[in-house]
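Reader: I should like to learn how the features of a protein model are read. Could the structure be shown before the discussion begins?

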Amino acid sequence: IDYSKLQHPGPELATAAEAGKVLVNSEKDPKLEVATFAGESQDRNGKEGANVDILSHGRFSSPTAGCFWGAQLLFDRLKGVSYTAVGYTQGPEQFPNYNQVCSGGTGHTEGVIVYYDPKQCSYKNLLDAFFGFINPMTVNGQGNDFGRQYRTGVYFHTPQQEDVAKAKFQELQSKYPRIATELKAAEPFWPAEAYHQKYLEKGGRFGSAQSAQKGCTDKIRCYG
């Protein structure tokens, strides 16, 4: 992957990953914080494509959500989110690419990293949006994608994020018989190939572009 040709924040994420660093704030705009998530859209009946109407406001957060295309669009629509990128996280291998991760050949999961402004959007807002988007009970997969590379997760970048996330998980444990979503410290985030970035906004598999406008509540079609 030629990271230098990616749009921001791709290059700074790649530089940090190569150095083994996990960003807490954007190096380009330090007022923005970072968060990481992994997970794909799935309603409670197991049907891909959820309606999400929770609005958020900015910092850095990395969600991994199975099919990372849908999760990126989810966060792009949230007020206060300045930048997002899809990529590969929570694995030991360096310079992972899509074919390696998708085949299960690495320890990574497909994820989304979110740069957000905490004055406009709290980390809890991001968590609420994320858990309104995924099925947290599904083990190692979401929608039509299964395997460790599609596991769902919340990966905290700071002790403050960890505390907020733990409280959210405790809340969820009272609603669901089990929670399969991981809660772990974030590891270096490797940006995915350029064609995966903003994939659904650009038209997806079927050439039907989906809106990334702030506040949009259109149903997200994970594959386009």
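Author: The discussion below moves from the overall fold to helix packing, aromatic pairs, cores and backbone details. This is a predicted model, in which local features need pLDDT of at least 70 and side-chain atom pairs count only at pLDDT 80 or more, while totals for chains, interfaces and linings use all residues. Residues are numbered from 1 along each chain as its sequence is written, and side-chain values use heavy atoms, with hydrogens and water left out.

Reader: How many helices and strands does the protein have?

Author: Helices (H or I, at least four residues) and strands (E, at least two) are DSSP runs, numbered from the N terminus. The protein has five helices and nine strands. Along the sequence they follow the pattern α-β-β-α-β-α-β-α-β-β-β-α-β-β.

Reader: What share of the residues of the protein count as buried?

Author: Buried means under 20% relative accessible area, exposed means over 50%, and partly exposed lies in between (1.4 Å probe, protein chains only). Of the 224 residues here, 55% count as buried. Two helices illustrate the term. In α2, nine of the nine residues are buried, so this helix is largely enclosed by the rest of the structure; among them are Phe68, Trp69, Gln72 and Asp76. In α4, seven of the nine residues are buried, so α4 too is largely enclosed by the rest of the structure. Those seven are Tyr123, Leu126, Leu127, Asp128, Ala129, Phe130 and Phe131.

Reader: How is the packing of α4 and α5 described, and at what angle do they pack?

Author: Axes are lines fitted to C-alpha atoms, for helices over the stretch in contact, and angles run from 0 to 180 degrees between N-to-C directions. Helix α4 (residues 123–131) packs against helix α5 (residues 159–173) at an angle of about 40°, with the axes 10 Å apart. A crossing is left-handed if the near helix is turned anticlockwise from the far one by less than a right angle, and right-handed if clockwise. The crossing of α4 and α5 is right-handed.

Reader: Which residues of α4 and α5 meet?

Author: Contact means heavy atoms within 4.5 Å. From α4, Tyr123, Lys124, Leu127, Asp128 and Phe131 meet Gln161, Val164, Ala165, Lys168, Phe169 and Leu172 of α5. These divide into seven nonpolar, one polar and three charged residues; Ala, Val, Leu, Ile, Met, Phe, Trp, Tyr, Cys and Pro count as nonpolar, Asp, Glu, Lys and Arg as charged, and the others, Gly among them, as polar. Leu172 is buried, at 4% relative accessibility. Leaving aside neighbours within four places in sequence, Leu172 is in contact with Phe131 and Ile179. Leu172 and Phe131 are 41 residues apart in sequence and 9.0 Å apart from C-alpha to C-alpha.

Reader: How many aromatic pairs does a search of the whole structure find?

Author: Rings of Phe, Tyr and Trp (its six-membered ring) pair if their centres lie within 6.5 Å; planes under 30 degrees apart count as stacked, over 60 as edge-to-face and the rest as tilted. The search finds 12 aromatic pairs. In one of them, the rings of Phe131 and Phe169 have centres 5.5 Å apart and planes at 90°, so the pair is edge-to-face. Phe131 lies in α4 and Phe169 in α5, so the pair ties together parts that are 38 residues apart in sequence. Both residues are buried. Phe37, Phe75, Tyr123, Phe130, Phe131 and Phe169 form one aromatic cluster.

Reader: Which residues of the largest nonpolar core touch the most other members?

Author: In soluble globular proteins, nonpolar side chains tend to be buried together. A nonpolar core is a set of buried Ala, Val, Leu, Ile, Met, Phe, Trp, Tyr and Cys residues joined through side-chain atoms within 4.5 Å. The largest has 39 residues, of which Phe37, Phe68, Phe75, Tyr123, Leu126, Phe131 and Val154 touch the most other members. Elements that each supply at least two residues of this core include β1 (33–38), α2 (68–76), α4 and α5. Another core, of nine residues, lies apart from it, with Leu13, Ala85, Tyr115 and Phe189 among its members.

Reader: Which peptide bond is cis, and where does Phe95 lie?

Author: The bond from His8 to Pro9 is cis, with omega near 15°, and Pro9 lies in the segment before α1 (10–18). Phe95 is in the loop between β3 and α3. Although not a glycine, Phe95 has a positive phi of about 55°, and at 44% relative accessibility it counts as partly exposed.
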